[in-house]
Amino acid sequence: MTKPSLLQLPPGVQLVYLAEGGANVIYRFVPSTSHLAVKKDDSKQLLSSSHDGGGVTVTTLTTIPPIFRGKLLRLRKQTASNINYKEIAANFNTKIRPLFHADELVDQTLIRLPDDLIPHCNQLLRAEERNGGSRPAKRHGSYLALNEPFGLLITDMTVFNDADPGARLAEFKPKWLLQSPSAPIGAERCRTCALREMKNREARGLGVKESRSFCPLDLVSERFDDVLRATAFVRGYDAGNDRDRDRVRLAEILFRNSTLRNLQSRQKTFREVGLLGPVEGSREDSLDMTLRDCTMFIKIPGNESEPVEIRLGDLDLKTGAGGKAQYWRDLERQLIDGGWYCTSSSDSSQKQSECALRSSRDEFNGNGNGVYST
Ligand SMILES: [Zn+2]
């Protein structure tokens with residue numbers, strides 16, 4: 001168990017809505033002696049691809065203790081899974097923290113909230129909806145859990161371009177950095193590429209836009225060109241060609257990167273996935289699947305001589321509950337039985353596979369000069 005947190009959010013602290021996902025809302029602390037107007041444009045580099053939204057303005061004079069600097073506040077929404085923050089923080093401390101260096105993680109620390117904070121924040125969320133504010137329409141109607149006494153202080157990985165005009169944030173999910181242990185021998189696609197192709201087939205059938213992304217194996221390749229190829233799919237880096245300086249710089253950061261290597265090594269240790277994963281009906285934790293769905297945040301300063309900050313987030317422990325264990329197994333069975341690990345299908349669109357396991361991919365795709373940027 002985690003030791004009880006002594007941290008307490010002082011009453012009267014003012015927060016600015018920054019972003020939200022399905023299960024959490026992220027707030028920024030308003031700095032002291034500041035009449036801060038955080039606009040959506042200032043906070044567009046958000047914490048996770050699963051978060052969306054923009055900012056609202058709050059102006060108050062409040063002193064923020066130093067311990068909150070460089071941190072954001074994450075508050076829990078009412079959801080079906082309803083796993084409370086005490087449990088999330090305990091899992092993080094006992095299961096995730098030991099696997100990584102402290103500076104490799106988007107840290108999260110439990111903090112007790114003032115009693116009136118959640119109702120107040122919910123009022124503001126409702127007001128945002130009424131006023132046509134920046135809260136995304138698809139998030140309307142969901143609010144913070146009134147029975148959650150804690151928040152989580154998390155590392156702020158957003159980028160302030162006012163302070164550092166050239167700074168950038170790259171974020172992406174590295175996904176499966178190793179092949180699935182139950183993939184067929186001789187597979188020509190890794191698990192991530194096989195799943196993407198299967199979903200793209202469904203998308204084509206529905207007339208929905210297909211998704212294009214990198215092959216995770218390229219991220220951990222010993223060839224620099226493979227890593228550079230992968231960067232063409234990172235949001236914000238997908239416009240230029242492979243000589244674009246920002247892309248090359250990102251590839252240089254990722255090439256043989258120790259955090260990526262560490263993540264790959266942990267995936268190698270925790271490999272109960274695919275048909276080796278939790279059995280149907282299991283409600284057990286799956287650290288193994290958690291490690292395959294985290295997000296990598298890379299804060300890149302404008303000045304190339306300044307240090308780059310790289311952290312992994314979205315590491316709330318997944319569980320097999322709610323039918324997920326069966327879903328994961330069924331998915332793997334579908335990928336195997338449907339031949340998605342192979343590329344022998346007569347469907348010509350499948351020849352566009354980006355997977356590093358496909359030895360002849362360059363024959364179809366060229367050498368990465370912007371071909372993958374859609
Ligand atoms: Zn692949």
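This section describes the strands, helices and selected aromatic residues of a predicted model.

The protein contains 10 helices and 10 strands. Of its 374 residues, 36% are buried. Contacts between residues at least 6 apart in sequence were also examined, and 72% of them join residues at least 24 apart.

The N-terminal part of the description concerns strands E1, E2, E3 and E5. Strand E1 covers residues 15–20, and 6 of its 6 residues are buried, so E1 is largely enclosed by the rest of the structure. Its pairing with strand E2 (residues 24–29) is antiparallel and comprises 5 bridges. The two strands form a hairpin, with 3 residues between E1 and E2. Within this pairing, Leu15 has Phe29 of E2 as its bridge partner.

E2 also pairs with strand E3, again in the antiparallel sense and over 5 bridges. In that pairing Val25 stands opposite Leu75 of E3. Strand E3 spans residues 71–76; 5 of these 6 residues are buried, so E3 too is largely enclosed by the rest of the structure. E3 is further joined by 4 bridges to strand E5 (residues 150–155), and the two run antiparallel. The bridge partner of Lys71 in E5 is Thr155. In a regular strand, side chains alternate between the two faces of the sheet.

A separate description applies to strands E6, E8 and E9. These form an open sheet of 3 strands in the order E6-E8-E9, with antiparallel pairing. Strand E6 (168–172) and strand E9 (309–313) are the edge strands, each pairing on one side only. From one strand to the next, the twist averages 15 degrees. E6 and strand E8 (residues 295–300) run antiparallel and are joined by 5 bridges. Arg168 is placed opposite Ile300 of E8.

Among the helices, H3 comprises 16 residues (residues 191–206). The distance from its first C-alpha to its last is 23 Å, close to the 22 Å expected at 1.5 Å a residue. The buried residues of H3 are Arg191, Thr192, Cys193, Ala194, Leu195, Arg196 and Glu197. These buried residues pack against helix H4 (216–219) and helix H9 (324–337). Just after H3, Gly207 adopts a positive phi of about 70 degrees.

Helix H5 (residues 224–231) packs against helix H6 (residues 245–254) at an angle of about 125 degrees, and the axes are 9 Å apart. This angle makes H5 oblique to H6, because it lies neither in the 65 to 115 range counted as roughly perpendicular nor over 145, where helices count as roughly antiparallel. On the H5 side, the contact is made by Phe224, Val227, Leu228 and Thr231. The H6 side contributes Arg247, Val248, Leu250, Ala251 and Leu254. The crossing of H5 past H6 is right-handed. An α-helix has 3.6 residues a turn, so residues three or four places apart point the same way.

Two aromatic residues were considered individually. Trp328 is found in helix H9, the helix that spans 324–337 and packs against the buried residues of H3. With 22 other C-beta atoms within 10 Å, Trp328 is buried, because the cut-off for a buried residue is 20 or more. When residues up to four places away in sequence are not counted, Trp328 touches Gly277 and Met289. Met289 is 39 residues from Trp328 along the chain, and their C-alpha atoms are separated by 9.2 Å.

Phe270 lies in the loop between helix H7 (258–269) and strand E7 (285–286). Phe270 has 17 C-beta neighbours inside 10 Å and therefore counts as partly exposed, because this number falls between the limits of 12 or fewer for exposed residues and 20 or more for buried ones. Residues up to four places away in sequence again being left out, Phe270 touches Leu287, Asp288 and Leu291. Phe270 and Leu291 are 21 residues apart in sequence, with a C-alpha to C-alpha distance of 8.3 Å.

Key:
Residues are numbered from 1 along each chain as its sequence is written. This is a predicted model: local features need pLDDT of at least 70, side-chain atom pairs count only at pLDDT 80 or more; totals for chains, interfaces and linings use all residues. Two strands pair if DSSP finds at least two bridges between them. Two residues are in contact if their C-beta atoms, placed from the backbone, lie within 7 Å. The expected span of a helix is 1.5 Å times one less than its number of residues. Axes are lines fitted to C-alpha atoms, for helices over the stretch in contact, and angles run from 0 to 180 degrees between N-to-C directions. Angles under 35 degrees count as roughly parallel, over 145 as roughly antiparallel, 65 to 115 as roughly perpendicular and the rest as oblique. A crossing is left-handed if the near helix is turned anticlockwise from the far one by less than a right angle, and right-handed if clockwise.
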